[in-house]
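Hi,

Here is the structure I said I would pass on. Have a look at it, and then read on for what turned up when I went through it.

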Amino acid sequence: MSSKSPLSLNIAILGAGLAGLSCAIALAQQGHKITVLERRNALSEIGAGVQVPPNASRILISWGLEAELQAQAENRSDVLFVRYLTGETLARMPPASSDLPNWLIYRPDYQRVLYDAAVQAGAIVRFDVHVTKIDQDNTRLEIGNGEFLTPDLILGADGIGSSTRKTILNDKVELKVTTANYRVLIPREKMLQNAQAAPYLHNAAAQVWMGPGRTVVMYPIAQGKFYNMVLEHPGSPPVGKWNLAMDMNAVREQFQDFAAPIPTLLSLADSCYDWAVARVPILHSWSSTSGKILLVGDAAHATLPHLAQGAAMCTEDAAVLAECLARVTDRSQIPTLTTLFQEIRKPRTERIQAASDANSKRWTIPDGPEQEARDAKWKVPSKMADGQGANEFREAAFRRWLFEYDAVAETRNILDKAGF
Ligand SMILES: Cc1cc2nc3c(=O)[nH]c(=O)nc-3n(C[C@H](O)[C@H](O)[C@H](O)COP(=O)(O)OP(=O)(O)OC[C@H]3O[C@@H](n4cnc5c(N)ncnc54)[C@H](O)[C@@H]3O)c2cc1C
């Protein structure tokens with residue numbers, strides 16, 4: 001856990017998603033007064049899996065959350081890349097770290113652990129709060145019931161459709177929608193009743209099945225309570241709507257050309273929801289001109305899910321911002337520190353967005369010469385070595401950069417050099 005900031009700021013956070021709650025924990029642990037304003041009337045993470053890679057688990061452990069998360073999660077072993085038509089494993093990637101966990105967790109469990117930690121650190125979390133106006137000039141929030149808040153800093157942690165972003169960047173951002181994802185959760189009892197499915201519940205590998213325009217990513221979550229499947233397919237459901245119910249028969253039909261056990265697993269699922277796969281383009285700035293309204297999480301840098309780093313970037317944002325604001329001795333320094341925050345975060349999140357885009361393309365290559373060339377390359381284990389390959393995700397140097405990143409230590413170094 002980190003030290004206390006010399007000056008306690010009043011900070012309002014819009015949104016109690018993974019970004020908002022992570023910021024609430026990190027900043028409240030530094031001694032700031034945190035109010036989280038959530039427009040929904042309760043915690044509402046969608047029921048699906050999320051991977052927590054070592055660059056995020058390092059931070060969560062530093063916040064004192066290791067035991068709580070470990071109690072809810074699976075520890076991922078390898079990642080397998082599989083040819084959809086044959087079920088052949090083309091490549092196997094070992095765990096990203098031997099010291100730090102790569103948790104596979106059920107999103108509502110994750111959000112609950114973060115919420116409890118935020119409250120325990122002293123944050124106030126208010127639900128059913130409707131912000132009617134964000135006044136940029138005066139750093140003031142107007143709430144539906146005639147109430148006003150005038151914090152020192154406002155964080156827009158309000159997700160991919162962020163209204164904070166629309167306010168401070170004048171509505172000019174166009175989201176890039178690529179495909180859609182079906183979300184399937186198969187309960188433990190169903191998995192255990194089927195001889196082909198049952199072993200998957202106890203296999204803590206994450207599997208990426210690559211097909212033309214379609215992928216399946218799957219792994220067990222919640223200590224084997226569910227088997228989690230995410231099925232990417234062409235489509236454009238509305239962005240930010242997570243609960244579009246789909247006809248399971250149509251989903252099975254769409255993936256019936258995938259090899260065993262995919263059709264069997266889908267036969268065990270009763271329901272399925274669709275959501276848009278989208279990203280925020282690179283923004284020239286994440287802050288208002290005053291420097292006192294700042295975007296974090298998906299509002300700033302929503303990414304395609306093909307590197308499983310979107311939530312991890314939320315955790316990193318929180319850790320870096322808390323370190324920046326731990327140096328504040330006077331309120332006039334806030335704009336300089338939020339600018340430094342962006343200078344630290346933007347290059348890293350932009351590289352992660354680009355690597356996710358690249359994965360999205362290479363996983364969905366149509367059958368033919370390009371796919372054959374990809375598969376042949378992936379079968380060569382030496383591709384895991386350092387070098388400038390076309391396959392950055394599997395390059396050892398990239399994996400070190402991604403997974404061994406120590407957000408707190410790096411930020412302290414940069415702040416020391418900047419004279420803070
Ligand atoms: C299919 C899929 C799989 C993924 N898998 C992974 C993975 O394995 N690993 C990983 O690291 N990441 C993953 N991600 C990405 C990750 O889920 C997101 O990056 C992360 O959840 C974003 O959190 P957030 O808090 O920024 O936004 P959100 O989760 O969208 O939360 C925003 C919150 O703000 C609230 N809100 C919105 N507007 C307002 C307002 N005006 N006032 C108050 N509150 C408001 C919303 O109700 C919501 O609670 C995945 C994403 C997808 C789509």
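**What I found**

Let's start with a single residue: Thr-264 is found in helix H9, which covers residues 262–267. Keep in mind throughout that this is a predicted model. Thr-264 comes out at 19% relative accessibility, so it counts as buried, the cut-off being under 20%. If you skip its neighbours within four places in sequence, Thr-264 is in contact with Asn-194 and Gln-196.

Another residue to click on is Ala-308, in the loop between helix H10 (298–301) and H11. Ala-308 has a relative accessible area of 29%, so it is partly exposed. Again leaving aside neighbours within four places in sequence, Ala-308 is in contact with Gln-51 and Pro-53. If you want a distance to check in your viewer, take the C-alpha atoms of Ala-308 and Leu-149: they are separated by 35 Å, with the two positions 159 residues apart along the chain.

**Salt bridges**

The structure holds 18 salt bridges. One of them joins the side chains of Asp-375 and Arg-83, at 4.0 Å from N to O. Asp-375 sits in helix H13 (residues 369–378) and Arg-83 in strand S5 (residues 79–83), so this pair ties together parts that are 292 residues apart in sequence. Are the two partners buried or exposed? Asp-375 is buried, with a relative accessible area of 6%, and Arg-83 is buried as well, at 11%.

Asp-375 has another partner: its side chain also meets that of Arg-374 in a salt bridge, at 2.8 Å from N to O. Arg-374 is buried, as is Asp-375. Which residues end up in one network through shared partners? They are Arg-83, Asp-367, Arg-374 and Asp-375.

For a salt bridge elsewhere, go to Glu-147 and Arg-126, whose side chains meet at 3.0 Å, N to O. Glu-147 belongs to strand S11 (residues 147–149) and Arg-126 to strand S8 (residues 124–126), so to speak two distant parts of the chain, 21 residues apart, linked by this pair. Glu-147 has 24% relative accessibility and counts as partly exposed; Arg-126, with a relative accessible area of 26%, is partly exposed too.

**Aromatic pairs**

The count of aromatic pairs comes to 10. In one of them, Phe-81 and Trp-378, the ring centres are 4.8 Å apart and the planes stand at 85 degrees, so the pair is edge-to-face. This is another link between distant parts of the chain, with Phe-81 in strand S5 and Trp-378 in helix H13, 297 residues apart. Phe-81 counts as buried at 0% relative accessibility, and Trp-378 counts as buried at 4%. So strand S5 and helix H13 are linked by the Asp-375 to Arg-83 salt bridge and by this ring pair.

Tyr-115 and Phe-127 make a pair of another kind: their ring centres are 6.0 Å apart and their planes are at 40 degrees, so the pair is tilted. Where do the two rings sit? Tyr-115 is in helix H4 (residues 107–120), while Phe-127 is in the loop between S8 and strand S9 (131–135), 12 residues apart. Tyr-115 is buried, with a relative accessible area of 17%, whereas Phe-127 counts as partly exposed at 24%.

There is also an aromatic cluster to look at, formed by Tyr-84, Tyr-182, Phe-255 and Phe-258.

**A helix pair**

Lastly, turn to helix H11 (residues 310–325) and helix H15 (residues 407–417). Their axes come within 9 Å and cross at roughly 35 degrees. The crossing of H11 past H15 is right-handed. On the H11 side the contact is made by Ala-319, Val-320, Glu-323 and Cys-324, and these meet Ala-407, Val-408, Thr-411, Arg-412 and Leu-415 in H15. How many of the residues in this contact are nonpolar, polar and charged? The split is six nonpolar, one polar and two charged.

Cheers

Technical notes. Residues are numbered from 1 along each chain as its sequence is written. This is a predicted model: local features need pLDDT of at least 70, side-chain atom pairs count only at pLDDT 80 or more; totals for chains, interfaces and linings use all residues. Side-chain values use heavy atoms; hydrogens and water are left out. Helices (H or I, at least four residues) and strands (E, at least two) are DSSP runs, numbered from the N terminus. Buried means under 20% relative accessible area, exposed over 50%, partly exposed in between (1.4 Å probe, protein chains only). Axes are lines fitted to C-alpha atoms, for helices over the stretch in contact, and angles run from 0 to 180 degrees between N-to-C directions. A crossing is left-handed if the near helix is turned anticlockwise from the far one by less than a right angle, and right-handed if clockwise. Contact means heavy atoms within 4.5 Å. Ala, Val, Leu, Ile, Met, Phe, Trp, Tyr, Cys and Pro count as nonpolar, Asp, Glu, Lys and Arg as charged, and the others, Gly among them, as polar. Rings of Phe, Tyr and Trp (its six-membered ring) pair if their centres lie within 6.5 Å; planes under 30 degrees apart count as stacked, over 60 as edge-to-face and the rest as tilted.
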